[in-house]
Amino acid sequence: MREIRSPSHVLLASILPLQFDLPFPFRRNPNSFKINTRFHLLRSILPPPSYRSIRSRCDAQSMAAGAAASATHVHDLPEPILAQVFSLVEDVRTRNAMALACRRWRGLERSTRTALALRGHVRLPFLLPTCFPSVAHLDLSFLSPWGHHPFLSSHQQQQHHHDFPDDHAALVAARLAQAFPSVSSLSVYARDPSVIAALAPLWPKLRTARLVRWHQRPPNLPHGADLAPLLEACPALSALDLSQFYCWTEDVPPALHQYPLTAASLTRLDLLCPASNEGYRSSELAVIAAVCRNLTHLLLPCVFNPRCIEFVGDDDLLALAAACPCLSLLHLVDPATLSPARIDSDANEDAAITGPGLEGLFTRLPHLEDLALDLCHNVRDTGPALEALGNKCSKVKSLKLGHFHGVCHGLWQHLDGVSVSGHLESLSIKSSPDLTDSSLATIARGCQRLSRLEIHKCHKVTAAGIKKLASKLRSTLVDVAISGCQLLNATSALRALEPIRDRIERLHIDCIWASSELDQLPVEEEESDPEEDDMEAPDHSRSKRCRYAQANDVESFESASFWFRTWERLRRLSLWIPAGEVLTPLGDAGLECCPQLEDICIKVEGDCRLCPKPRQMVFGLSFLSRYPTLRKMKLDCGEAIGYALTAPAGHMDLSLWERFYLHGIGELIGLYELDYWPPQDREVNQRSLSLPAVGLLQMCGSLRKLFIHGTAHEHFMRFFLDIPVLRDVQLREDYYPAPENDMSTEMRVDSCSRFESALNDRRIPD
């Protein structure tokens, strides 16, 4: 008899449209709950052969006990057990469907939900939901209009919104505290300190805070004023996430130094914000390390350029390790590596970090599990230091290195460099000029638990080295990213991953297509007539040539059959494409059949102003229709630069480029969620949807979630109302600097409110 083990199966079995009065014998287990169905239910569902095979394997005693048991329903489960089952369901749509079953299930779903993200425009305080008393993780960063919250803004901003009285912010804040009394984790878009000042006192026991801001910092604020209300009101704060909060590097150290008790309680601090192009200097790093001595997770951009004043060197790393000896996650990166655009320049100078300094750092951090040192300057002779990392930090599982020389030489059979760290599960190597195929083979022999591998701009790595590594790590490697390598195009990279083709789940490649000349066999300099050669050659030579010709034919057939093989477990695919290139050769490169592909991310980067008009006027999104399970797509054209206004003769403006990239998106009939970054014109800081783009997006009849990372005209947004099942639409200007004042023809706060009202007034079929 089959047992339904997972909570989701239990819930699905209980909300079937048919009404059953069946006994469900169950027994309580601290790890799982098992519900055994009766055989007459199996008889009505399964065909006779399957039913007989199941019944033949059952014990007669268990059948007798089931027949003697009284009729029991899932509602007879004790309230704590049923609440525990509900708490194990994480999918939001599944929980919403559960709440529609009956009143009791609705109450249980509301009382067991611990995370909630509010969307929409809060026009009146009584519209806030008050039926989620157990919510511990509250996300207010996606409230609409995105980045413009008049109900939580300062008095100066409220003067532009006459619908909101002066005391409206305090009223909404009090309503939030009443609706969500158990909040311990808060995310909010804080455009100015008044937002934090209104919300932080509501939950003085707040443990985790994530601030979001892509607009410019108010220029007249003193240093640390953005963080002071939060650090003052929440002394028990343990995690502070500023990875999406634009501020100056001079703001964080004074604020932490001003509130030492709160700083001492911090265990997680994330300051890796891509909006800032400056890193923390040695003096600022010393202040953070001195006041936050209990840190276990630290993510920080640092100034490693030796030409800058107060750059970070060996002494600063040793001081950091001495002040924070409990660090288990340490990410120190150059600010340039956080940019969404790819950096093409190679490092010509050396950083002030040496091998002996790294050995001292690893010796003082024995609890290290996750390390990232991503620099833009060379760090030479790091092999002995990385061997010390494997010996001193036995718990390290994730490692990311940028511009490190001597990562692994792989000259002999012994392990050296990073290959000594046998517990590694994730390895990322960027811009390592001496990494070779033999280095990858040595890494595969030493790091046999590796499940994720990223190689970026390692120009000596070839397809043979990738294939040898994939063969040795076939049982563990499921996540691979290959980018920026000169000797690896899309076709060669996919062929190199043939040993793990049936096991890989996540993949990133650069769409650098191979030319036809590279796929052809080498042509001999002197041509001859094959019939004359056969007449002159002896019989044994002629037969040998025939055998070789047959072998070559077999090899060519096997090479051709590669294009039709299946990537059985591939679920997420990430592609980087230069501006002006097309997507259609992806099938010829080897990704013709991916039956389980659910999520795809496409990033287009380059200067479209320098690209000629494409010979093929479609990018090729219709090619993705051959992936039957594709539901989510991210199309990032934010780093594609073009002309927002009139383009010169012989060039295309951004509207034509958007038509080029979005053509065929309507053929993706199963697409459920789309994140789209429009191309930009940096000279006017404009990322706006054009009319051709809106018309093409309107053709996606299956879209339910649409997020535009840019601006749009209000009358353009009205086109999206024709998508029948569209439920969630939002404009997010999550790039720096986000526009401060909307233009007269672009989406404003009132325009967003009108569009959202029209969207919510529609009837959704499902």
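Here a biologist and a modeller talk through some terms used for this predicted model.

Modeller: Residues are numbered from 1 along each chain as its sequence is written, and side-chain values use heavy atoms, leaving out hydrogens and water. As the model is predicted, local features need pLDDT of at least 70 and side-chain atom pairs count only at pLDDT 80 or more, while totals for chains, interfaces and linings use all residues.

Biologist: Thanks! What makes Cys-234 count as buried?

Modeller: Buried means under 20% relative accessible area, exposed means over 50%, and partly exposed lies in between, with a 1.4 Å probe and protein chains only. Cys-234 has 0% relative accessibility, so it counts as buried. Cys-511, with a relative accessible area of 1%, is buried too.

Biologist: How many disulfides does a search of the whole structure find?

Modeller: Zero. A disulfide here is a pair of cysteine sulfur atoms within 2.5 Å.

Biologist: Why is the pair of Trp-146 and Tyr-189 called edge-to-face?

Modeller: Rings of Phe, Tyr and Trp (its six-membered ring) pair if their centres lie within 6.5 Å; planes under 30 degrees apart are stacked, over 60 edge-to-face, and the rest tilted. For Trp-146 and Tyr-189 the centres are 4.8 Å apart and the planes meet at 65°, so the pair is edge-to-face. Trp-146 lies in the loop between β5 (137–140) and α8 (155–158) and Tyr-189 in strand β6 (residues 185–189), so the pair ties together parts that are 43 residues apart in sequence. Helices (H or I, at least four residues) and strands (E, at least two) are DSSP runs, numbered from the N terminus.

Biologist: Are those two residues buried or exposed?

Modeller: Trp-146 is buried at 7% relative accessibility, and Tyr-189 is buried at 1%.

Biologist: What makes Trp-657 and Phe-660 an edge-to-face pair?

Modeller: Their ring centres are 5.6 Å apart and their planes stand at 90°, so this pair is edge-to-face. Both residues lie in helix α25 (residues 654–662), three residues apart, about one turn of the helix. Trp-657 and Phe-660 are both buried, and ring pairs link them with Phe-619 and Tyr-661 into a cluster. The structure holds nine aromatic pairs.

Biologist: How do you know that the charged end of Arg-687 sits over the ring of Tyr-735?

Modeller: The rule asks for NZ of Lys or CZ of Arg within 6 Å of the ring centre and within 35 degrees of the ring normal. The charged end of Arg-687 is 4.3 Å from the centre of the Tyr-735 ring. Likewise, Arg-119 lies over the face of Phe-142, at 5.2 Å from the ring centre.
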